[in-house]
Amino acid sequence: MSNPTFRTRISQLRKKKITKKKIVRRGNPLNRRNNDDDCEAPLVAGRSALALFGLVGEGAAAAGGAGPSSAPAASSSTHPHHPPYHLRRKSPTHPVSPPTSLGAGAAAASVVATPPTAASAGVSAATAGLPSPATTPVLSPTAAITAATTYSPSMLPARKRPRRTYSTGDSSTGLGCNTSAAPHYLLHELPDEVLITILSYLYERDLCRVAQVCKRFYTLANDNELWKNLYQGLYEYDLPLFNSSPCKFDFVQPEDCDYDNPWKESFKQLYHGVHVRQGYQKHASKITGRSVTYFETIQVAYDYACDYAECPLVLIHSGVYCGEVIVIETNIAFIGAAPGNVAENVILDRESESTVMFMEGAQRAYLGYVTIKFSPPSCTDTMQHHKSYALDIQENCSPTIEHCIIRSCSHYDDCEAPLVAGRSALALFGLVGEGAAAAGGAGPSSAPAASSSTHPHHPPYHLRRNNHTRSITYCCHHRCTHIQPSMLPARKRPRRTYSTGDSSTGLGCNTSAAPHYLLHELPDEVLITILSYLYERDLCRVAQVCKRFYTLANDNELWKNLYQGLYEYDLPLFNSSPCKFDFVQPEDCDYDNPWKESFKQLYHGVHVRQGYQKHASKITGRSVTYFETIQVAYDYACDYAECPLVLIHSGVYCGEVIVIETNIAFIGAAPGNVAENVILDRESESTVMFMEGAQRAYLGYVTIKFSPPSCTDTMQHHKSYALDIQENCSPTIEHCIIRSCSHLGAAVSVSGPGAEPVIRHCEISDCENVGLIVTDRAQGHYEDNEISRNALAGIWVKNFANPIMRRNHIHHGKDVGIFCFDGGLGYFEANDIHNNRIAGFEVKAQANPTVVRCEIHHGQTGGIYVHEQGMGQFIENKIHSNKYAGVWITSNSNPTIRKNEIYNGLQGGVYIFGDGRGLIEHNNIYGNALAGIQIRTNSDPIVRHNKIHDGQHGGIYVHEKGQGLIECNEVYANTLAGVWITTGSSPTLRRNQIHSGKQVGVYFYDNGHGLLEDNNIFSHLYSGVQIRTGSNPIIRRNKIWGGQNGGVLVYNGGLGVLEQNEIFDNAMAGVWIKTDSNPILRRNKIFDGREAGICIFNGGRGVLEENEIFRNAQAGVLISTQSHPTQSHPSLRRNRIYDGLAAGIEITNNATGTLEYNQIFNNRFGGLCLASGVNPIQRGNKIFDNHDAVEKAVSSGQCLYKISSYTSFPMHDFYRCRTCNTTERNAICVNCIKTCHNGHVVEFIRHDRFFCDCGAGTLNNQCQLQGEPTQDTDTLYDSAAPIESQSLMAEV
Ligand SMILES: [Zn+2]
Ligand SMILES: [Zn+2]
Ligand SMILES: [Zn+2]
């Protein structure tokens, strides 16, 4: 309660010395207060006021504890000289000098501070205008901690602009803005009144240091009033209390004392005491300039005092101390400490066992000025209190008890108040019982009344100090109504006239010079300091005095302090339009004084601030209404305000019924992270409910919690939520933190037609249920919310709800991110959905959302899951890095998936199964671990214009009776087949570009069917198309080219109809037909192959009709059986085979064929070449104009190898040489037999395809016809079998 006394002090000072005469007479507009206004309210100067600001942490302590007084612990070591007029402000970054004991000889230099900096001004002034924390410990511990960490002085915004240089127009001396003149002022020319004012913000230790500066300061720092204020601030007594000897504490009227300064003396005598004061403990250590220990309870104080104090003294401040165990067994002194009637304000109460008990050891104990009550709850319960008393003094002790009020309501015989029992129980009672109470329980407070009400005029520079009354809030119902200002002692002696010995001007004691100083010569800094004790209304009035005052009174820092004092925000908050409240950095504002502007915009609001209500009306210069609860504020604001605005200050508001049915704005008000400090909590029924009528309601910057006590109690919370928005209302909720620990329902429910809220920048996290439910045709806008770590889905949208959701961050849920079902709609744009345990976005049961430009990634299952007739448009999303497929479509669902990026999935890209459908269009699908698109189990999607590439598996995988229309896609660079079609599937693939795969282009196997039409299939490492095991596709008008292996490979019983395809420029045969395959090839063009046109091997059959086979490097058609049990036996009809670089048709190795009406012409090695024993059915073939190049070469005596090299097997006679012991695997041409093996035993083997081993140099003897081969010999034709695809792992 120090602050009011300061105010009193200043106020009195002003009245007496300066004001009355001049300024009052001039009718200064500031001069409008009455005494009552001055009372109590401002509590501004507050040393510990800063606790409210969250400056309670270490940083705050370092900064100086509090307002002006705390300010500057001063960097004493670096600034030996200090401009004396620098009021106690210090830079928060300067270290605080360690406190020294009271009166210790600290260097004078340590008293003063460095010049005020912007930051320090911010810190200290921030406390101005706030009620003292003593009366309002509103911060919850957590809030305090948060505030401390988020609001450390070093984080405060530094002043951005240089200080203004004010006009000195009014100054006769021109010193007004000359800061270098300031030290001179402070030491020599500043009037005593101003100096005293400055000193009034110091605590006792600093005051003692100041006294060492110079004679003048010594005199001023020993001022009686200063010490009275300090004394009353700390001890609260109205009169000095002297502890002249042990167990003797007496109040004495100051004028009856022998001491020059009785207040200081009393202060000193009591200074070793520890204090019990509710709510003070945590702040005590942070007050610079004071070394006082506070405790919450008497018990703890007792223990501490016994342990650490030599003469233990415990001062017990106002309050009701219930149930404390006070058993005194040592020589300790307990004394009440309060204003007015001390004993009445300090109440020890107990319901069972004795309230105060003295026992052996308490020989010289003392207890005084308290009320001792014994209040057993039920008076019928007699036995229990049988041996219990209000005051119980047992054997072998001799305490002193005086000035106490003693009451007992126990009915038991023995229990009438005090008991003194046992041998040597010698109590010394002072004034006890009724008599005592009547006689003087009141001790000091019965002192003479002050003449306080006799000053109708007040000088304008009377700082805001109220008179006398100190109200204590701890326990207002016990609070005494009898503490009236009129009962307080008045000053009896005249003020001293101080020596002006040190003053060079002699102005020090010239009171009439003060107004001149104030108006004209006082430096801006000092004036600003003075103004910093005004509230907004007075400040506005001051601004009307003159130009200089106008400038000063609009100072940004002043208003920042006022603003932060009232609203607590770190930054200006602007209410630019209804339902819009934004914090803006001051430097980003257009306003000259953003703090003032923000102040103004919020000024019509009413405040909910626990513990403030009763003081609100007492603050002069401010018109702010405070309430204890939100409900009451709501009712009041609705009734009385045009644009109702309720500011809810830090605190936990439990169990309030907040049902909003009107256009009201609720907004949290706290420093640091606002929402974290303002908590609305409820255990049953919805915490906050918006209903019809709340069309333009607003709720922002609060935490909304729903905390049902037991989670097993399911039914009760079924329809309860943290935030409940019902039909026909459209409130704005933003910057809220929303939590629910209910296992049912959701944290936020938006339900019913016309429910159209705006919810933005909220955090809905860590709830034990769904984060947000939008249902029953509700709509609304949901933007920039953080929805995370909820136990169920992040968002549910159902029952034809149709919300707009943009830029939400939905992640780490334990279920799906967004779940749209039962006809749910919605437009979802640019949401970031990731790391959810199930799908990122799930659509089910006729739901039909639109999802645009979202990022859906790192899901622990799939990205998008559409099922049970789900619909939806998914456009331009990024879907990636999900554990399962990027998109799942199943059970008759039919979504549109367009223009998405679907990539880096840990399984496939798009997975359509179980009768899924869908339009998959213009997507870029790549880098997935399984197929880019997988179509399965009767699904039938349309897949168009996608790019499907660089997968670690196949491109498109159609299996288990999958279907689909697959058109115009580009499928490339996949690790396995570009398109797989298998197990009864029959998709239609048209106009796709399928290329550059690392295996097959299109792979039909295990009864894969379908239509492959008009595709470009090229540049694969394996065949362009493979058909295997029962597959029977139609392959029409494709271009199959540029493969590193064959064009088309049909094998293992493959079928198929290949029509009108162009097959060219493949590294191996244009078409392979192998191992019991039987395709139909019609009207294909097979040309420019780098080997044969068509190879039919190992039981291959097939019908080849009307194909054009030309310009191939090897035989146009080669038919062979090798070791296969079934004879290869194709039918070739009406084909044209021409312009080959080898033979037209070759048939060898016991193969056969039916050749009808073919035309075979202009081939280099001959038209139809048949090995020995081969006898095909021939009918109507035309074989003409072939060149027989082999025959000619042989006829000219050359070795066959010279023509063929390793890569060609022209058909001719071959021999073996018994002399050279060649095997049947070797062949020797007829010319080598004649020349190289002349005279050897030789043998004709057969007419067949071979090259000459003699010429190739593989035999022992040297070939005499050897020559360079005409072609490279790297690849051996027959040993280079086509690469067949294995049936690689199936997906999923
Ligand atoms: Zn040869
Ligand atoms: Zn030989
Ligand atoms: Zn030879």
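## Around Val1048

Val1048 touches Val1025, Ile1040, Leu1058, Ile1063, Gly1070, Val1071 and Trp1072, leaving aside residues up to four places away in sequence (contact means heavy atoms within 4.5 Å). This is a predicted model, where local features need pLDDT of at least 70, side-chain atom pairs count only at pLDDT 80 or more, and totals for chains, interfaces and linings use all residues. Numbering runs from 1 along each chain as its sequence is written, chains are lettered from A and ligands numbered from 1 in the order written, and side-chain values use heavy atoms, with hydrogens and water left out.

Val1048 sits in strand β72 (residues 1048-1051); strands here are DSSP runs of E, at least two residues, and helices are runs of H or I, at least four, numbered from the N terminus. With a relative accessible area of 0%, Val1048 is buried (under 20%; exposed is over 50%, partly exposed in between, using a 1.4 Å probe and protein chains only).

## The zinc site

Four sulfurs hold the zinc ion (ligand 1): Cys1199 (SG), Cys1229 (SG), Cys1232 (SG) and Cys1252 (SG), at 2.2 to 2.3 Å. Donors are N, O and S atoms within 2.8 Å of the metal (3.2 Å for Na, K and Ca). Their spacing along the chain reads C-x29-C-x2-C-x19-C.

Cys1232 also bridges to the zinc ion (ligand 3), 4.1 Å from the zinc ion (ligand 1). Cys1232 belongs to helix α27 (residues 1230-1235) and Cys1252 to the loop between β91 (1242-1249) and α28 (1253-1256), so this pair ties together parts 20 residues apart in sequence. Both Cys1232 and Cys1252 are buried.
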